[in-house]
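Hello,

Here is the structure for your files. My notes come after it.

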Amino acid sequence: QVQLVESGGGSVQAGGSLRLSCVASGYTVTTACMAWFRQAPGKEREGVVFISPSGAAAYFDASVKGRFTISRDNSKNTLYLQMISLKPEDTAMYYCAARAGPGCGVWYNSRTDFHYWGQGTQVTVSS
């Protein structure tokens, strides 16, 4: 059974930083495409950034370029999202997601493209 467990969320002031973690069990983080999504209140869940099995990363959301970095530690089977220069508009529930099969790219950007999900971790940025 695949489980993705996120942690690291919290409340910070604008300009602050957080690092989110997603520990995977029943799934190897190099198996297929993994990504971070976020969902703000009253809005759709949207892709933020993804990483391919080879380690190549790209952004679904251009607004986070230069501020958010996705990475993984294969030895810990963990996915990370380093966030710096946080803005109030980054406030959302952040979700770790993984695909069950091949394929990875900016066109796999909807929640239905990912098969496994964590429970989410809340990030709140105050001005």
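The notes below cover aromatic contacts and one hairpin.

This is a predicted model, in which local features need pLDDT of at least 70 and side-chain atom pairs count only at pLDDT 80 or more, while totals for chains, interfaces and linings use all residues. Residues are numbered from 1 along each chain as its sequence is written, and side-chain values use heavy atoms, with hydrogens and water left out.

A search of the whole structure finds 8 aromatic pairs (ring centres of Phe, Tyr or Trp, the last by its six-membered ring, within 6.5 Å; planes under 30 degrees apart are stacked, over 60 edge-to-face, the rest tilted). One of them is Y27 with Y116, edge-to-face because the centres are 5.7 Å apart and the planes at 65°. Y27 is buried at 7% relative accessibility, and Y116 is partly exposed at 28% (buried is under 20% relative accessible area, exposed over 50%, partly exposed in between; 1.4 Å probe, protein chains only).

Y95 and W117 also pair edge-to-face, at 6.4 Å between centres and 80° between planes. Both belong to one aromatic cluster with F37, F50, F60 and F114. R45 lies over the face of Y95, 3.6 Å from the ring centre, and over that of W117, at 4.9 Å (CZ of Arg or NZ of Lys within 6 Å of the centre and within 35 degrees of the ring normal).

In strand β7 (residues 68-73; strands are DSSP E runs of at least two residues, numbered from the N terminus), F68, I70 and R72 point to one face and are buried, whereas T69, S71 and D73 point to the other and are not.

Regards

Note on methods. Helix = DSSP H or I, 4+ residues; strand = E, 2+ residues; numbered from the N terminus.
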